[in-house]
Amino acid sequence: MHRRLSVLRPEPEVRQPERDARQGWGPGPPAENGGSIDVRELSEAELELVDARLPLHRLDNAQTYLVAWDGDKPVGHAHISWESTRLGTPEIQDVFVPEELRGRGIGTELSRAAEQLAHERGYDQISISASVTNEGALRLYRRLGYRDAGLKPQRVAGTILIRGKPVEVNDMLIYLVKEVAVDSSGSRSSYLRERRKEET
Ligand SMILES: CC(C)(COP(=O)(O)OP(=O)(O)OC[C@H]1O[C@@H](n2cnc3c(N)ncnc32)[C@H](O)[C@@H]1OP(=O)(O)O)[C@@H](O)C(=O)NCCC(=O)NCCS
């Protein structure tokens with residue numbers, strides 16, 4: 001479950017409107033997170049299904065992608081970079097939950113799973129950045145125990161490649177950190193349950 005994605009297929013030739021059309025969620029949103037959301041590392045076998053539903057912005061240089069599942073539906077993702085990060089600690093990136101599924105605890109589950117994985121790999125801290133204007137995300141991460149990293153807001157400007165396509169960015173990022181040496185209990189994801197079972 002923890003292996004890295006070694007072989008990544010190229011992005012399928014799908015235009016954005018078609019991709020949007022494929023992202024219909026069917027009749028019902030997932031149940032409130034009463035234990036129904038599983039978080040596990042993206043596997044190559046699941047890549048096509050997840051890619052059809054979620055943006056996976058970091059896929060081209062993916063290290064660890066965690067995917068949240070509601071049954072057989074991927075409902076969110078978070079990427080973890082372990083190397084070459086701004087703060088020198090693992091960094092959670094590309095946390096994404098489709099708009100219609102937000103506010104149900106999926107982002108929280110993804111963050112907790114990332115923290116647990118960092119803890120298991122021997123790290124004391126994990127970091128995340130968000131735009132100064134992304135007040136909702138900043139509120140969420142502060143509520144989850146993240147604090148300012150002590151870095152002045154970092155400007156990112158220029159052209160970056162997302163899934164092979166150039167995208168102009170001009171933003172100010174706030175970096176937050178959290179200690180992960182403490183047990184991130186309270187999560188109900190199967191990912192963490194399984195990990196705890198393995199530990200006992
Ligand atoms: C930020 C994000 C991942 C949160 O996912 P989520 O599943 O809604 O998160 P949770 O349900 O665990 O927590 C809800 C909290 O997320 C925050 N949030 C941010 N945008 C939100 C939105 N559009 N709807 C609901 N909550 C949102 C709020 O702080 C909310 O807490 P509140 O109840 O105090 O308002 C999701 O809103 C998202 O994908 N946003 C777009 C991408 C993004 O900004 N990523 C974060 C970069 S660090």
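Strands here are DSSP runs of E at least two residues long, numbered from the N terminus. By that rule Arg40 sits in strand β1, a handy place to start looking around this predicted model.

**The overall layout**

Let's take the whole chain before the details. The protein chain has five helices and eight strands, and reading along the sequence gives the order α-β-α-β-β-β-α-β-α-β-β-β-α. Of its 200 residues, 30% are buried. Counting the contacts in the protein chain with a separation of 6 or more, 66% join residues 24 or more positions apart.

**Starting from β1 and β2**

Back to Arg40. This residue counts as partly exposed because it has 18 C-beta neighbours inside 10 Å, where buried would take 20 or more. Arg40 also pairs up in space with a residue well along the chain: Leu66 is 26 residues away in sequence, yet the two C-alpha atoms are 5.4 Å apart.

Next to Leu66 in the numbering comes Val67, in strand β2. Val67 has 25 C-beta neighbours inside 10 Å, so it counts as buried. Its contacts, leaving aside neighbours within four places in sequence, are Arg40, Leu42, Val50, Pro74 and His77. As for Val50, that residue is 17 residues from Val67 along the chain, with 8.1 Å between their C-alpha atoms.

**How the strands pair**

β2 and β3 run antiparallel and share seven bridges. One of the matched pairs is Ala68 with Gly76 in β3. The two strands make a hairpin with two residues between them, and Gly71 in the turn has a positive phi of about 65°.

On from there, β3 is joined to β4 by four bridges, again in the antiparallel sense. In that pairing, Ile80 stands opposite Ile92 of β4.

**Positive phi angles**

A few residues stand out for their backbone, and they make a neat little set:

| Residue | Place | Phi |
|---|---|---|
| Gly71 | turn between β2 and β3 | positive, about 65° |
| Asp94 | strand β4 | positive, about 50° |
| Gly122 | follows α3 | positive, near 95° |
| Arg163 | loop between β7 (154-162) and β8 | positive, about 50° |

Asp94 and Arg163 catch the eye, since neither is a glycine. Is Asp94 buried or partly exposed? With 18 C-beta neighbours inside 10 Å, Asp94 counts as partly exposed. Arg163 has 14 such neighbours inside 10 Å, and therefore counts as partly exposed too.

**The core and α3**

Now for the inside. Nonpolar side chains tend to be buried together in soluble globular proteins. Here the largest nonpolar core has 34 residues, and those with the most contacts inside it are Leu66, Ala68, Ala78, Ile92, Leu110, Ala114 and Leu176. At least two residues of this core come from each of β1 (37-41), β2 (64-70), β3 (73-81), β4, α3, β5 and β8 (165-179). Which element supplies the largest share? That is α3, with six residues.

Helix α3 is mostly covered, with 14 of its 15 residues buried. Its length checks out as well: at 1.5 Å a residue, the 15 residues of α3 should span 21 Å, and the end C-alpha atoms are 21 Å apart, so the two agree.

Leu176, another of the core residues with the most contacts, has a long list of partners. Not counting residues up to four places away in sequence, Leu176 touches Ser127, Ile128, Tyr141, Tyr146, Arg147, Asp148 and Ala149.

**Around the ligand**

That leaves the ligand, which has 17 residues around it; the closest are Arg102, Gly103, Gly107, Thr108 and Gly136. The elements giving two or more residues to this shell are β4 (91-96), α3 (106-120), β5 (125-131) and α4 (135-143). Among them, α4 gives the most, with four residues. By residue type, the shell divides into eight nonpolar, six polar and three charged.

So α3 turns up in both settings: it supplies the largest share of the core, and it is among the elements that give two or more residues to the ligand shell.

Methods: Residues are numbered from 1 along each chain as its sequence is written. This is a predicted model: local features need pLDDT of at least 70, side-chain atom pairs count only at pLDDT 80 or more; totals for chains, interfaces and linings use all residues. A residue is near a molecule or strand if its C-beta atom, placed from the backbone, lies within 6 Å of it. Ala, Val, Leu, Ile, Met, Phe, Trp, Tyr, Cys and Pro count as nonpolar, Asp, Glu, Lys and Arg as charged, and the others, Gly among them, as polar. A nonpolar core is a set of buried Ala, Val, Leu, Ile, Met, Phe, Trp, Tyr and Cys residues joined through C-beta atoms within 7 Å. A residue is buried if 20 or more other C-beta atoms lie within 10 Å of its own, exposed if 12 or fewer, and partly exposed in between; C-beta atoms are placed from the backbone. Two residues are in contact if their C-beta atoms, placed from the backbone, lie within 7 Å. The expected span of a helix is 1.5 Å times one less than its number of residues. Two strands pair if DSSP finds at least two bridges between them.
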